[in-house]
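Open the structure in your viewer and keep the selection panel at hand. The stops below say what to pick next and what you will find there.

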Amino acid sequence: MRAAVKAERVFTSERGTRSLADRMRGAAMSGPEFKDHFSETAPDYAAHRPTYPVALAEHLALLAPHRDLALDCGCGTGQLSVLLAAHFARVVATDASAAQIANAAPHPNVSYRVAPAEASGLAPGSVDLVTVAQAAHWLDLDAFYAEAARVARPGAALALVTYGVLHLDGAPGPVVDQFYRAIAGPYWPPERRHVEEGYRNLPFPVPDLPAPSLAITVSWMLADLLGYVETWSAVRALEAARGREPIEAFRGALAAAWGDPRTRRLVRWPLSLRIGRL
């Protein structure tokens with residue numbers, strides 16, 4: 001009975017209101033579109049993307065009704081998956097990109113699967129926590145929310161996590177900001193606006209729970225920051241359109257502003273969270 005009731009729960013979004021059962025049938029017929037911006041740079045993504053704070057996984061684990069199984073969708077190379085593994089007996093981490101999964105950080109409690117977020121393959125009513133970190137803006141949210149409701153056990157938590165534009169103090173800060181907005185800016189996919197808005201305008205299927213104020217903070221040398229910038233989807237599109245010249249010009253300007261490339265500077269990304277119970 002519980003599965004039947006859950007399947008008819010109604011979510012509302014900008015696309016209108018339909019039952020979850022209807023949305024699940026539609027998703028099964030059409031299949032989700034996979035917008036692959038990161039497979040080509042998966043090794044760099046694994047090496048240079050920052051790791052989430054431990055406090056994020058701790059908070060999400062506190063919201064879960066049990067600690068048996070967490071589902072981390074759009075997991076990339078496992079930045080959040082491995083942190084959740086410290087709190088759950090098992091984490092299933094899925095990504096539609098085989099290249100991302102091939103470069104994911106191994107952990108004995110994490111099972112990686114090449115699968116879309118909208119079709120995890122897990123049993124109904126089996127999951128205590130469903131997460132999507134830095135990937136919800138790429139998903140077919142109607143189909144994803146239907147899948148989350150299908151696999152969730154009663155009281156399971158749902159969390160969308162994103163981090164936006166980095167904060168960098170000192171002379172290098174304006175150089176990065178100008179490159180992000182003026183040079184790479186026209187080449188960001190349109191979905192990037194949701195990241196900059198902290199997911200505030202994404203449809204969310206359940207009432208929001210209070211979210212803690214958290215941030216990713218790292219101490220990076222010049223090479224670390226340059227490696228991170230090279231993982232931006234906009235940089236790949238910029239290079240395809242205009243070649244390496246604007247990217248190399250940025251690298252030179254940043255190096256001049258940075259000074260000694262071995263100097264470590266504080267880089268910070270505030271986290272934005274949408275958290276609720278399914």
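## Stop 1: helix H12

Select the buried residues of H12: Pro-246, Ile-247, Phe-250, Leu-254 and Trp-258. They sit on the same side of H12, because they span an arc of only 105° around the axis. An α-helix has 3.6 residues a turn, so residues three or four places apart point the same way.

This is a predicted model. Now show the whole of H12, residues 245-258. The helix has 14 residues and reaches 20 Å from its first C-alpha to its last, close to the 20 Å expected at 1.5 Å a residue.

Turn to the face away from the buried side. Glu-245 and Ala-256 are exposed there.

Turn back to the buried side and add its packing partners. The buried residues of H12 pack against strand S8 (167-168), helix H8 (172-183) and strand S9 (215-220). They also pack against H10, helix H11 (233-242) and strand S10 (265-277).

Step past the end of the helix. Gly-259 follows H12, and its phi is positive, near 85°.

## Stop 2: helix H8

Select H8, one of the partners of H12. H8 has 12 residues and reaches 16 Å from first C-alpha to last, close to the 16 Å expected at 1.5 Å a residue.

Which residues of H8 are buried? Pick Pro-172, Gly-173, Val-176, Phe-179 and Tyr-180. Look down the axis: these buried residues fall within an arc of 140°, so they line one face of the helix.

Next, show what lies over them. The cover of the buried residues of H8 includes S8, H9, H10, H11, H12 and S10.

## Stop 3: helix H10

H10 packs with the buried residues of H12 and helps cover those of H8. Select residues 222-229. H10 is mostly covered, with 6 of its 8 residues buried. Those buried residues are Leu-222, Leu-225, Leu-226, Gly-227, Tyr-228 and Val-229.

## Stop 4: strands S3, S4 and S5

Move to S4, residues 90-95. The strand is largely enclosed by the rest of the structure, because 5 of its 6 residues are buried.

Add S3, residues 69-73. S3 and S4 run parallel and are joined by 5 bridges. To find one pairing, select Asp-72: its bridge partner in S4 is Ala-93.

Then add S5, residues 110-114. S4 and S5 also run parallel, again with 5 bridges between them. Here, select Val-91, whose bridge partner in S5 is Val-110.

## Stop 5: Gly-78

Follow the chain on from S3. Gly-78 is in the loop between S3 and helix H5 (81-84). Is this glycine buried or exposed? Gly-78 has 1% relative accessibility, so it counts as buried.

Draw a distance from Gly-78 to Tyr-112. Their C-alpha atoms are 8.5 Å apart, although the two residues are separated by 34 residues along the chain.

## Stop 6: Asp-128

Go to strand S6, residues 127-133, and select Asp-128. Its relative accessibility is 0%, so Asp-128 counts as buried.

What does the side chain of Asp-128 reach? Look for the backbone nitrogen of Asp-68, at 3.0 Å.

Now show the surroundings, leaving aside neighbours within four places in sequence. The contacts of Asp-128 include Ala-64, Pro-65, His-66, Arg-67, Asp-68 and Leu-69. Phe-88, Arg-153, Ala-156 and Ala-157 are also among them.

## Stop 7: two positive phi values

Pick Gln-134, in the loop between S6 and helix H7 (141-151). Gln-134 is not a glycine, yet its phi is positive, about 60°. At 8% relative accessibility, Gln-134 counts as buried.

Then jump to Tyr-199, in the loop between helix H9 (192-196) and S9. Tyr-199 is also a residue other than glycine with a positive phi, near 65°. Its relative accessibility is 0%, so Tyr-199 counts as buried.

## Last stop: the whole chain

Zoom out. The protein chain holds 12 helices and 10 strands. Buried residues make up 51% of its 278 residues.

Switch on the surface. The accessible surface comes to about 11900 Å², and 54% of this belongs to carbon and sulfur atoms.

Finish with a contact map. Among contacts between residues at least 6 apart in sequence, 75% join residues at least 24 apart.

Definitions and conventions
Residues are numbered from 1 along each chain as its sequence is written. This is a predicted model: local features need pLDDT of at least 70, side-chain atom pairs count only at pLDDT 80 or more; totals for chains, interfaces and linings use all residues. Side-chain values use heavy atoms; hydrogens and water are left out. Helices (H or I, at least four residues) and strands (E, at least two) are DSSP runs, numbered from the N terminus. Buried means under 20% relative accessible area, exposed over 50%, partly exposed in between (1.4 Å probe, protein chains only). Contact means heavy atoms within 4.5 Å. Accessible areas come from the Shrake-Rupley method with a 1.4 Å probe; for residues, only the protein chains shown count as cover. Two strands pair if DSSP finds at least two bridges between them. The expected span of a helix is 1.5 Å times one less than its number of residues. The arc is that of the directions from the helix axis to the C-beta atoms. A polar contact is a pair of N or O atoms within 3.5 Å; within protein, one must be able to donate a hydrogen and the other to accept it, and residues adjacent in sequence count only if both atoms are side-chain atoms.
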